[in-house]
Amino acid sequence: MPFRFWSLMLICLLAASAQSSPPLRALAEKRNLRIGAAVEPSLLLQEPKYAQVLAREFNLVVAENVMKWGALQTSRGQYNFAPADLLVEFAQKNRMAVRGHTLVWHQQLPRWMYGSFGASEMEAILREHIQAVVGRYRGRVAYWDVVNEAVGDDARLRSTPFEVLPDYLEKAFRLAREADPQAKLFYNDYGAEGLGPKSDAVYALLKGLKEKGVPLDGVGFQVHVDLGFSPRAVRMAENLERFARLGLEIHITEMDVRLGGSGSRTERLAKQAQVYREVMRVCLGQPRCKAFTLWGFTDAHSWRAASEPLIFDVDYKPKPAYFALQQALQQP
Ligand code: XIL
């Protein structure tokens with residue numbers, strides 16, 4: 001009981017001070033860090049509060065869905081850019097950078113991509129898509145997740161419609177570089193945050209690409225985790241350091257922390273805050289870690305809404321996790 005009372009008091013106090021303390025983006029800018037959130041552009045129009053909190057707190061956005069292949073090129077050669085355009089315009093108006101997500105992925109592909117194509121036709125498909133999409137946002141999308149989740153949970157390359165084309169990973173990066181020479185090009189994945197077989201496989205893949213001279217600038221770690229995640233236990237800092245030594249920029253790209261588990265709600269919210277704090281501290285401790293992005297920002301709109309994984313609650317009130325990030329950003 002006393003624990004609950006005092007933690008409640010603390011949360012009230014922190015909530016009261018939230019108005020006066022600077023927003024996350026102001027704190028992040030001082031640390032030369034981008035702080036971002038995944039966005040559904042339709043909500044920018046539907047919910048004034050969504051747009052308002054997003055613009056106040058973040059200096060980076062990523063499209064949660066609208067820049068995926070299936071959303072952009074619904075049938076061959078037919079593009080729907082309107083939602084992605086809306087997001088890019090919102091970002092420009094609010095002085096935010098944009099991460100493009102994503103060009104080569106085994107999910108959310110349009111049905112027509114599962115036709116039987118030969119290598120040269122697949123190469124044409126890849127070229128047309130990358131030229132159209134990366135070309136359209138040239139100079140406005142600062143970072144592209146060129147390849148997403150190519151390594152499976154068994155640490156081997158996944159099977160995808162792209163694989164009829166030998167070296168499709170390499171080709172995707174080269175085509176993206178041609179389409180926008182200024183954009184930084186990323187490989188992005190989940191489950192590679194700490195040391196382990198999957199991370200070893202991603203490391204080997206990226207090292208090989210670098211050695212071949214493939215234009216790869218960075219690696220994204222998604223960090224979709226739960227309350228059991230401990231950066232220390234999986235040696236996340238050490239893992240990031242080995243990728244940094246490949247000369248790669250590092251981004252935390254899709255962080256969310258599922259709230260499920262045992263213990264009181266207050267305890268679980270505190271634990272969730274701790275996981276956010278620890279990952280932020282790992283990023284701040286790594287000179288090449290330049291962006292920290294959440295997969296959404298309010299529990300009202302999350303792909304895992306039931307597990308309340310984000311830093312604002314359904315009413316856009318900051319949760320303990322918000323204050324944890326605020327504190328971590330202010331700590332020397
Ligand atoms: C998710 C979106 O959040 C959902 O809305 C969609 O239904 C499925 O995809 N890794 C990624 C993201 O790289 O693109 C995924 O986004 C979440 C896991």
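**Figure 1. Close-up of the residues around the ligand in this predicted model.** The ligand is surrounded by 13 residues, and those that come closest are Glu64, Lys68, His101, Glu254 and Trp295. Sorted by class, this shell consists of three nonpolar, six polar and four charged residues.

**Figure 2. Polar side chains beside the ligand.** In the side chain of asparagine 148, an N or O atom lies 2.9 Å from an oxygen atom of the ligand, and a polar side-chain atom of glutamine 108 is found 3.2 Å from an oxygen atom of the ligand. Glutamine 222 faces another kind of ligand atom, since an N or O atom of its side chain is 3.3 Å from a nitrogen atom of the ligand. On its own the ligand has 410 Å² of accessible area, of which the protein covers 79%.

**Figure 3. Helix H6 and the residue that follows.** Helix H6 runs through residues 82-93, and because a helix is expected to extend 1.5 Å a residue, these 12 residues should span 16 Å, which agrees with the 16 Å that separates the C-alpha atoms at the two ends. The buried residues of H6 are Ala84, Asp85, Leu87, Val88, Phe90 and Ala91. After H6 comes arginine 95, whose phi is positive, near 50°.

**Figure 4. The disulfide between cysteine 283 and cysteine 289.** A disulfide is a covalent bond that links the sulfur atoms of two cysteines. Here the count comes to one disulfide, in which cysteine 283 is joined to cysteine 289 with a distance of 2.1 Å from S to S. The angle about the S-S bond is -95°, and the link of cysteine 283 and cysteine 289 is left-handed. Cysteine 283 has a relative accessible area of 1% and is therefore buried, and cysteine 289, at 6% relative accessibility, counts as buried too.

**Figure 5. Two buried strand residues, valine 219 and aspartate 189.** Valine 219 belongs to strand E6, which covers residues 218-221, and because its relative accessibility is 1%, valine 219 counts as buried. Valine 219 and threonine 253 are 34 residues apart along the chain, and their C-alpha atoms are separated by 9.2 Å. Aspartate 189 is part of strand E5, made up of residues 184-189, and with a relative accessible area of 1% aspartate 189 is buried. The side chain of aspartate 189 also makes a polar contact, at 3.2 Å, with the side chain of lysine 198.

**Figure 6. Backbone angles at threonine 102, valine 223 and tyrosine 316.** Most peptide bonds are trans, and most residues other than glycine have a negative phi. Histidine 101 and threonine 102 are joined by a cis peptide bond, with an omega of about 10°, and threonine 102 lies in strand E3, which covers residues 97-104. Valine 223 is not a glycine, yet its phi is positive, at about 65°; valine 223 is placed in the loop between E6 and strand E7 (224-226), and its relative accessibility of 0% means that valine 223 counts as buried. Tyrosine 316, also a residue other than glycine, has a positive phi near 65°. Tyrosine 316 is located in the loop between strand E9 (289-294) and helix H12 (320-330), where, at 9% relative accessibility, tyrosine 316 counts as buried.

Notes:
Residues are numbered from 1 along each chain as its sequence is written. This is a predicted model: local features need pLDDT of at least 70, side-chain atom pairs count only at pLDDT 80 or more; totals for chains, interfaces and linings use all residues. Side-chain values use heavy atoms; hydrogens and water are left out. A residue is near a molecule or strand if one of its heavy atoms lies within 4 Å of it. A polar contact is a pair of N or O atoms within 3.5 Å; within protein, one must be able to donate a hydrogen and the other to accept it, and residues adjacent in sequence count only if both atoms are side-chain atoms. Accessible areas come from the Shrake-Rupley method with a 1.4 Å probe; for residues, only the protein chains shown count as cover. Ala, Val, Leu, Ile, Met, Phe, Trp, Tyr, Cys and Pro count as nonpolar, Asp, Glu, Lys and Arg as charged, and the others, Gly among them, as polar. Helices (H or I, at least four residues) and strands (E, at least two) are DSSP runs, numbered from the N terminus. The expected span of a helix is 1.5 Å times one less than its number of residues. Buried means under 20% relative accessible area, exposed over 50%, partly exposed in between (1.4 Å probe, protein chains only). A disulfide is a pair of cysteine sulfur atoms within 2.5 Å.
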